[in-house]
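Trainee: Could we go through this structure together? I would like to understand how its parts are arranged.

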Amino acid sequence: MPELTGDEPAPEGGSVSDSESPDVYRVVSSRPGPAGRLPVTAEDLFERPSGDLFGRTQDVGMGWNPAELRG
């Protein structure tokens, strides 16, 4: 079977459940994240609310450039 990247188009004419192809059961559940490092300082860890750090990790996971988080 060919490797799936997650960029494949949806099947035409009908739904996925109408397909007889076994490829509909192959799910891409993870992909490489963006390059870079999350800019975390000691002050962030001790002085900022934990939600700030959590939010930054979510932002980077959605594709934001880690270097631009403090901008």
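Mentor: We shall take the overall make-up first, then the helices, the salt bridges and the surface. Please keep in mind that this is a predicted model.

Trainee: Understood. How many helices and strands does the protein have?

Mentor: The protein has two helices and zero strands. Helix α1 covers residues 42-47, and helix α2 covers residues 50-61.

Trainee: And what share of the residues counts as buried?

Mentor: Of the 71 residues, 8% count as buried. The protein exposes about 6100 Å², and carbon and sulfur atoms supply 53% of that area.

Trainee: What about contacts between residues at least 6 apart in sequence; what share joins residues at least 24 apart?

Mentor: That share is 48%.

Trainee: Let us turn to α2. How far apart are its end C-alpha atoms?

Mentor: They are 17 Å apart. At 1.5 Å a residue, the 12 residues of α2 should span 16 Å, so the two values agree.

Trainee: Which residues of α2 are buried?

Mentor: They are Arg56, Asp59 and Val60. These residues cover an arc of only 95° around the axis, which puts them on the same side of α2.

Trainee: Why would residues three or four places apart point the same way?

Mentor: An α-helix has 3.6 residues a turn, so residues with that spacing point the same way.

Trainee: Which exposed residues does the face of α2 turned away from the buried side carry?

Mentor: That face carries Ser50, Phe54 and Gly61.

Trainee: And what covers the buried residues of α2?

Mentor: The cover includes α1.

Trainee: Arg56 interests me. Is Arg56 buried or exposed?

Mentor: Arg56 is buried, because its relative accessible area is 14% and the cut-off for burial is under 20%.

Trainee: Which residues does Arg56 touch, apart from those up to four places away in sequence?

Mentor: Arg56 touches Leu38, Pro39, Asp44, Leu69 and Arg70. For Arg70, which lies 14 residues from Arg56 along the chain, the C-alpha separation is 9.4 Å.

Trainee: What does Arg56 form with Asp44?

Mentor: The two form a salt bridge, with the closest N and O atoms 3.3 Å apart. Asp44 lies in helix α1 and Arg56 in helix α2, so this pair ties together parts that are 12 residues apart in sequence. Asp44 is buried as well, at a relative accessible area of 10%.

Trainee: How many salt bridges are there in the whole structure?

Mentor: A search of the whole structure finds two. Besides the pair just described, the side chains of Asp52 and Arg48 meet in a salt bridge at 2.6 Å, N to O.

Trainee: How accessible is Asp52, and how accessible is Arg48?

Mentor: Asp52 counts as partly exposed, at 26% relative accessibility. Arg48 is also partly exposed, with a relative accessible area of 44%.

Trainee: Changing topic: which residues make the nonpolar surface patch?

Mentor: Val40, Leu45 and Phe46 make that patch, which measures about 330 Å². Phe46 belongs to helix α1 and is exposed, with a relative accessible area of 68%.

Trainee: Now the glycines. Where is Gly36, and how far is Gly36 from Pro66 in space?

Mentor: Gly36 is in the segment before α1. Gly36 and Pro66 are 6.2 Å apart in space, C-alpha to C-alpha, and 30 residues apart in sequence. At 62% relative accessibility, Gly36 counts as exposed.

Trainee: And where does Gly33 lie?

Mentor: Gly33 also lies in the segment before α1, and Gly33 is exposed, with a relative accessible area of 59%. Between Gly33 and Gly61 the C-alpha distance is 6.4 Å, with their positions 28 residues apart in sequence. Gly61 is one of the exposed residues on the face of α2 turned away from its buried side.

Trainee: One last item: what phi does Gly63 take just after α2?

Mentor: Gly63 takes a positive phi of about 115° there.

Trainee: Could you restate the link between the two helices?

Mentor: α1 is part of what covers the buried residues of α2, and the salt bridge of Asp44 with Arg56 joins a residue of helix α1 to a residue of helix α2.

Terms used
Residues numbered from 1 in each chain as written. Predicted model: local features only at pLDDT ≥ 70, side-chain atom pairs only at ≥ 80, totals over all residues. Heavy atoms only, no water. Patch = residues over 30% accessible without salt bridge, like charges linked within 9 Å, V, L, I, M, F, W, Y side chains within 5 Å. Areas by Shrake-Rupley, 256 points an atom, 1.4 Å probe, with all protein chains shown as cover. Salt bridge = Lys/Arg side-chain N within 4 Å of Asp/Glu carboxyl O. Helix = DSSP H or I, 4+ residues; strand = E, 2+ residues; numbered from the N terminus. Buried < 20%, exposed > 50% of the residue type's maximum accessible area, 1.4 Å probe, protein only. Contact = heavy atoms within 4.5 Å. Expected span 1.5 Å × (residues − 1). Arc of directions from axis to C-beta.
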